[in-house]
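Please load the model in your viewer and keep a selection panel open. The stops below are given in the order in which they are best selected.

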Amino acid sequence: MSDEYLCFFTSREPIGNLAFHVGDDIQRVNKNHLLLSQKLAYEQEHLVHMKQIHSNIVHVVTDEDGFSSPPTCDALVTNKKNTPLMVMVADCTPVLFYDSTCEVPFGCKAIGVAHVGREGAFSNIVKNVLKTMEQEYGSCAKDIFIEIGSSIGVCCYEVGQEIYDKAQPFHYAFTKGDTSYYLDVNKIILTQLKECGIKEENIKNEGVCTACNTKNYFSYRKEGKTGRFAGILMIRD
Ligand SMILES: [Zn+2]
């Protein structure tokens, strides 16, 4: 990661929950956002987050988007400087995309963030992000770097027969248990990224299993009602 980008994953402490929709006190969530913006030195009102709906919808950031007006989607892309993009998670995988070598005639940098749970993986949201970066900013997959944050691991992601049955193209990512299956969402994401032309050496996956590490991360599966941590990416001025 070069100095041209801000790239960061929060954890349970010291920032805490960043989501407004999980029943947490609104003032406290706002305070957490303020603390994070101070720590990472960006303007809070410039931050774009999302109303995430487990879709494969990619939104190109516009001037109308901002902290108080999050678009409904599961991925964001932009080439605007000093505009942090945020994906919030508690078991789903936060995937960050950045391109520092966009080709002429576009000559610009671009970034993207995606919220990838089971549905996002099955509907290949990462491909949509890469396609949108290509169309909007002239990005090439071979120049794009990926950072993957913590998410639920195959160790803890138990699913029933009905999920297995409807996910035929992804059976390579399932492990059979005694009475159920275990799903490796990141295995699907990594396969899709490589199919899109992302180089293996450009993928950094520092993630650990959120359900095994609730001391450091929020886990919806493990805890039920809980907070959200976040991945943040911004092009610096
Ligand atoms: Zn685990």
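Select Asn124 to begin: this residue is buried, because 20 other C-beta atoms lie within 10 Å of its own. The term buried applies at 20 or more other C-beta atoms within 10 Å, exposed at 12 or fewer, and partly exposed in between, with C-beta atoms placed from the backbone. The model is predicted: local features need pLDDT of at least 70 and side-chain atom pairs count only at pLDDT 80 or more, while totals for chains, interfaces and linings use all residues. Residue numbers start from 1 along each chain as its sequence is written.

Asn124 sits in the loop between helix H2 (118-122) and helix H3 (125-137). Helices (H or I, at least four residues) and strands (E, at least two) are DSSP runs, numbered from the N terminus. Now inspect the backbone of Asn124, where phi is positive, about 55°, although the residue is not a glycine. Most residues other than glycine have a negative phi, and most peptide bonds are trans.

Move next to Asp91, in the loop between E4 and strand E5 (93-99). Asp91 is not a glycine, yet has a positive phi of about 115°. Is Asp91 buried or exposed? Asp91 counts as buried because it has 25 C-beta neighbours inside 10 Å.

For the peptide bond, select Glu13 and Pro14: the bond joining them is cis, with omega about 5°. Pro14 belongs to the loop between E1 and helix H1 (26-40).

From E1, extend the selection to the sheet. Three strands form an open antiparallel sheet in the order E1-E12-E4; two strands pair if DSSP finds at least two bridges between them. At the edges are strand E1 (5-9) and strand E4 (85-89), each pairing on one side only. On average, neighbouring strands of this sheet are turned by 10° against each other, direction ignored; the axes are lines fitted to C-alpha atoms, for helices over the stretch in contact, and angles run from 0 to 180 degrees between N-to-C directions. Strand E12 (residues 229-235) runs antiparallel to E1 and is joined to it by five bridges. Pick Phe8 to find one bridge partner in E12, namely Ile232.

The last stop is Gly153, in the loop between strand E7 (144-148) and strand E8 (158-159). Gly153 counts as buried because it has 20 C-beta neighbours inside 10 Å. Which residues does Gly153 touch, not counting those up to four places away in sequence? They are Cys209 and Cys212, contact being defined by C-beta atoms, placed from the backbone, within 7 Å. Finally, add Val185: its C-alpha atom is 7.7 Å from that of Gly153, and the two are 32 residues apart along the chain.

Methods: Two residues are in contact if their C-beta atoms, placed from the backbone, lie within 7 Å.
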